[in-house]
Amino acid sequence: MRTTSPNASRRRSAAILAAAILTVGVAGCGSSDSPSTAQASPPASASANPDAGVLGIRDPWVKAADKGMTAAFGTLVNDGDTDVTVTSAATSLSPMELHEMAMKDGKMVMRQKQGGIVIKAKSTHALEPGGDHLMLMNLAKPVQAGDELTVTLTFADGKTQQFRAVAKPFTGAQESYAPGHGEPMPSMSATPEMSMSPAS
């Protein structure tokens, strides 16, 4: 009797454990059904599926600023088989523009990027101080270190994707700001030689 009692107890425990695993497994399968069917139906365009994310975004951050303008940075990752073009960006805190750095009259100036930001298939594109970036044009309130901003990207095909970026202090990349490319300039009290970090 003693030899069968521990075995019976073990069998009962194993049966309970198996039932629990089966229940969790069924629940897990049920919850993953709709995403897997969504991915399975258009395999060629999985990289352009907003649910999956049109792009990967690595290390997104925003330069902390008290007022005026600031910018968002990070690395855009395109794992898909076709090029992806970001045509605009938006946040509730400020109007936004896609910006680039370019030579003008012998110096680097910041200006709106025409045609959007193209991320080639199977490659990355850096948004960084001194290069392409997402410019917040007229802050409604200060962006302090540690704040988290939600940014919505819009792509050439009309799809959108959100990401969150944490604010941090940054004092480098003192590029000149090219006036006249954006109409909100007068209301921002901008000067022709505004640096990329005017709110520092």
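**Entry 1: Asp 59**

I began with Asp 59, which sits in strand β1 (residues 56-63); strands here are DSSP runs of E with at least two residues, helices are runs of H or I with at least four, and both are numbered from the N terminus. A note to myself before going on: this is a predicted model, where local features need pLDDT of at least 70, side-chain atom pairs count only at pLDDT 80 or more, and totals for chains, interfaces and linings use all residues. Residues are numbered from 1 along each chain as its sequence is written, and side-chain values use heavy atoms, with hydrogens and water left out.

Is Asp 59 buried or exposed? Asp 59 counts as exposed because its relative accessibility is 64%, and the cut-offs are under 20% relative accessible area for buried, over 50% for exposed and partly exposed in between (1.4 Å probe, protein chains only). I also looked up its backbone: Asp 59 has a positive phi of about 50 degrees, although it is not a glycine. Most residues other than glycine have a negative phi.

**Entry 2: the whole chain**

I stepped back for an overview. The chain has one helix and eleven strands, and the helix comes before the strands in the pattern α-β-β-β-β-β-β-β-β-β-β-β. Of its 200 residues, 36% count as buried. I then checked contacts, meaning heavy atoms within 4.5 Å. Among those with a separation of 6 or more, 65% join residues 24 or more positions apart. The accessible surface comes to about 11,300 Å², and carbon and sulfur atoms own 55% of that; the areas come from the Shrake-Rupley method with a 1.4 Å probe, and for residues only the protein chains shown count as cover.

**Entry 3: the cores**

Next I went looking for nonpolar cores, each a set of buried Ala, Val, Leu, Ile, Met, Phe, Trp, Tyr and Cys residues joined through side-chain atoms within 4.5 Å. The largest has 26 residues, and Leu 55, Leu 76, Val 86, Ile 117, Leu 134 and Leu 153 have the most contacts inside it. Strands that each supply at least two of its residues include β2 (70-78), β3 (84-90), β8 (133-136) and β10 (160-168). Which strand gives the most to this core? My answer is β9, with four residues. I also found a second, separate core of eight residues, including Trp 61, Met 69, Met 110 and Met 135.

**Entry 4: β9 and its partners**

I stayed with β9. Its covered face holds Leu 149, Val 151, Leu 153 and Phe 155, while Glu 148, Thr 150, Thr 152 and Thr 154 make up the uncovered one. Leaving out residues up to four places away in sequence, Leu 153 touches ten residues I can list by name, among them Ile 57, Leu 76, Val 86, Leu 134 and Phe 163.

For pairing, DSSP must find at least two bridges between two strands. β3 and β9 run antiparallel and are joined by four bridges, with Ala 90 partnering Thr 152. β9 and β10 are also antiparallel, over seven bridges, and Thr 150 has Arg 164 as its bridge partner there. Four residues separate β9 and β10 in their hairpin, where Gly 158 takes a positive phi near 95 degrees.

Thr 160 lies in β10. It counts as partly exposed because its relative accessibility is 39%. Its C-alpha is 7.9 Å from that of Val 54, although the two are 106 residues apart in sequence.

**Entry 5: the β4-β5 hairpin**

I then turned to β4 and strand β5 (residues 107-112), which are antiparallel and joined by six bridges. Their hairpin has two residues between the strands, and Asp 105 in the turn shows a positive phi of about 50 degrees. Asp 105 is exposed because its relative accessible area is 74%.

Glu 100 lies in β4 and is bridged to Arg 111 in β5. Is Glu 100 buried or exposed? Glu 100 is buried, since its relative accessible area is 15%. Its side chain makes a polar contact of 3.3 Å with that of Lys 113; the term covers N or O atom pairs within 3.5 Å, and within protein one must be able to donate a hydrogen and the other to accept it, with residues adjacent in sequence counting only if both atoms are side-chain atoms.

**Entry 6: Ala 145**

My last stop was Ala 145, in the loop between β8 and β9. Ala 145 is exposed because its relative accessible area is 51%. Its C-alpha is 4.4 Å from that of Lys 168, 23 residues away along the chain. Beyond its neighbours within four places in sequence, Ala 145 contacts Ala 64, Ala 167, Lys 168 and Pro 169.
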